[in-house]
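Hi,

Here is the structure I said I would pass on. Have a look at it first, and then read on for what turned up in it.

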Amino acid sequence: MARPVIGIIGNFHLINDQYPAHTVGAMDCCAVSDVAKCTPLAIPANPNFVNYQDLLEICDGFLFTGGRPNVHPEEYGEEETEAHGAFDRNRDAVTLPLIRAAVERGLPILGVCRGFQEVNVAMGGSLYPEIRDLPGRMNHRMPPDGTLEEKFAPRHVVRFTQGGPFQRLYNSAEVTTNSLHGQGLKTLGRDVVVDGWAPDDTPEAIYIKGARGFTLSVQWHPEYRATEDPVSRPLYEAFGRAAHAWQADGKPMPVADVA
C-alpha cells in the first residue's frame, strides 16, 4: 500500500531576488518521510493554483509550516501596523479555510510556528505582533547571526498541563525546545486549548478541544533534526500514526488515541 500523503504548506520566495518560487523546507520533508513515514507533497500556498476542497480529497493530513510572512491582522479583526511585519495574503487564503475544513472533517493537522498561529486564527483567535515588547516576556526570536545549529539550538523549557495530550505524548511534565518566532497567541480561537507554556507564560503548545482528529500544534520548530531529536520525533510519529489511520479507513484518530 502507498504511504499516506501529507500536504506540506509552502512559502513564496524570490530566488536570487528574481525567480518566483513556492518552496517547502527539506527538513519538513525529512520529518514527514523519515519520522511520520508518509509521503510529503509540497503545496503552493496560492488560491490561484489550489483550492482547499481539492486538497482535502488528495491528502491524508496537513503540515502547516513556519515562514517569515505573518498572518495578516485583518484576518483577526485588527489593523496592520509596522510591528506586524511582512505578510502573504495568498497563504492566508489557502491555509485558514483549509484548517477549518480539515478540523471539521477529522483529517490530521500539525501546525508549526506560523502554522501554530494559523490554527489559532483559523479558529477565531488573535495574535500579538511582537512578543518581546510585552511586559515580562522573553525575546523568542532566533539569533540574527550564527550557524544553523546556533539558530536552532535549545532555548527554553516548555511546561505541559498534567495529564494533557503533550504530557502524555512525551511522558514528561516539560521539554526543552528551540525558539524562532516573534509573534504569539493573544486571544484563543474557538475550542483552542493551550497545553504548553514557555517560562514567561507564552503559549507554546495547543490542541483543539473536541476535535475528531489529530490537532496538535507547537510554536517551536520540531522539524530540526527530527529523526534524532527526542522532542521532535514523538510528535511526528504521532502525526504519522493519525495519517496512517486516516488512510486505512477514512476515520479520524483523535489526539486521545494517538498521544
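Before the aromatic pairs, one definition: two rings of Phe, Tyr or Trp (the six-membered ring in Trp's case) count as a pair if their centres lie within 6.5 Å, and a pair is called stacked if the planes are under 30 degrees apart. Bear in mind that this is a predicted model.

**Aromatic rings**

With that in hand, searching the whole structure gives five aromatic pairs. One of them is F152 with Y224, a stacked pair whose centres are 4.8 Å apart, with 20 degrees between the planes. This pair connects distant parts of the chain, as its two residues are 72 residues apart. You will find F152 in the loop between helix 5 (148-151) and strand 8 (156-160), and Y224 in the loop between strand 13 (217-218) and helix 7 (232-249). Are these two buried or exposed? F152 has a relative accessible area of 12%, so it is buried. Y224 is buried as well, with a relative accessible area of 11%.

Then there is the pair F160 and F166: the ring centres are 5.6 Å apart and the planes sit at 20 degrees, so this pair is stacked. F160 is buried at a relative accessible area of 9%, and F166 is buried at 0%. Y170 comes in here too, since ring pairs join F160, F166 and Y170 into a cluster.

**Helix 7 and its neighbour**

Helix 7 is worth a look of its own. Does its length come out as expected or not? Its 18 residues should span 26 Å at 1.5 Å a residue, and the C-alpha atoms at its ends are 27 Å apart, which agrees. Buried residues of helix 7 include L235, Y236, A238, F239, A242, A243 and W246. A general point helps when you look at such a list: an α-helix has 3.6 residues a turn, so residues three or four places apart point the same way. Right after helix 7 comes G250, with a positive phi near 70 degrees.

Which helix packs against helix 7? Helix 1 (residues 26-35) does, at an angle of about 65 degrees and with the two axes 9 Å apart. Angles of 65 to 115 degrees count as roughly perpendicular, and helix 1 and helix 7 are therefore roughly perpendicular to each other. Their crossing is right-handed. On the helix 1 side the contact involves A31, D34 and V35, which meet R233, Y236 and E237 in helix 7. Notice that Y236 is also on the list of buried residues of helix 7.

V35 turns up again with E228, a residue in the loop between strand 13 and helix 7. Those two are 193 residues apart along the chain, yet their C-alpha atoms are separated by 9.3 Å. E228 itself is exposed, with a relative accessible area of 58%.

**Helices 3 and 4**

There is another packed pair of helices to look at. Helix 3 (residues 89-105) and helix 4 (residues 114-122) pack at about 65 degrees, and their axes are 9 Å apart. The crossing of helix 3 and helix 4 is right-handed. In helix 3 the contact is made by R91, D92, T95, L96, I99 and R100, and in helix 4 by R114, G115, E118, V119, V121 and A122.

**Loops around strand 11**

What is the sign of phi in D191? Positive, near 65 degrees, in a residue other than glycine. As background, most residues other than glycine have a negative phi. D191 sits in the loop between strand 10 (184-185) and strand 11 (192-197), and is partly exposed, with a relative accessible area of 40%. D201 has a positive phi too, about 75 degrees, although it is not a glycine. Its place is the loop between strand 11 and strand 12 (203-208), where D201 is partly exposed at a relative accessible area of 43%.

K186 is in the loop between strand 10 and strand 11 and is partly exposed, with a relative accessible area of 39%. Which residues does K186 touch, leaving out those up to four places away in sequence? E78, S126, L127 and Y128. As for M138, which is 48 residues from K186 along the chain, the C-alpha atoms of the two are separated by 15 Å.

Over to you!

Definitions and conventions. Residues are numbered from 1 along each chain as its sequence is written. This is a predicted model: local features need pLDDT of at least 70, side-chain atom pairs count only at pLDDT 80 or more; totals for chains, interfaces and linings use all residues. Side-chain values use heavy atoms; hydrogens and water are left out. Rings of Phe, Tyr and Trp (its six-membered ring) pair if their centres lie within 6.5 Å; planes under 30 degrees apart count as stacked, over 60 as edge-to-face and the rest as tilted. Helices (H or I, at least four residues) and strands (E, at least two) are DSSP runs, numbered from the N terminus. Buried means under 20% relative accessible area, exposed over 50%, partly exposed in between (1.4 Å probe, protein chains only). The expected span of a helix is 1.5 Å times one less than its number of residues. Axes are lines fitted to C-alpha atoms, for helices over the stretch in contact, and angles run from 0 to 180 degrees between N-to-C directions. Angles under 35 degrees count as roughly parallel, over 145 as roughly antiparallel, 65 to 115 as roughly perpendicular and the rest as oblique. A crossing is left-handed if the near helix is turned anticlockwise from the far one by less than a right angle, and right-handed if clockwise. Contact means heavy atoms within 4.5 Å.
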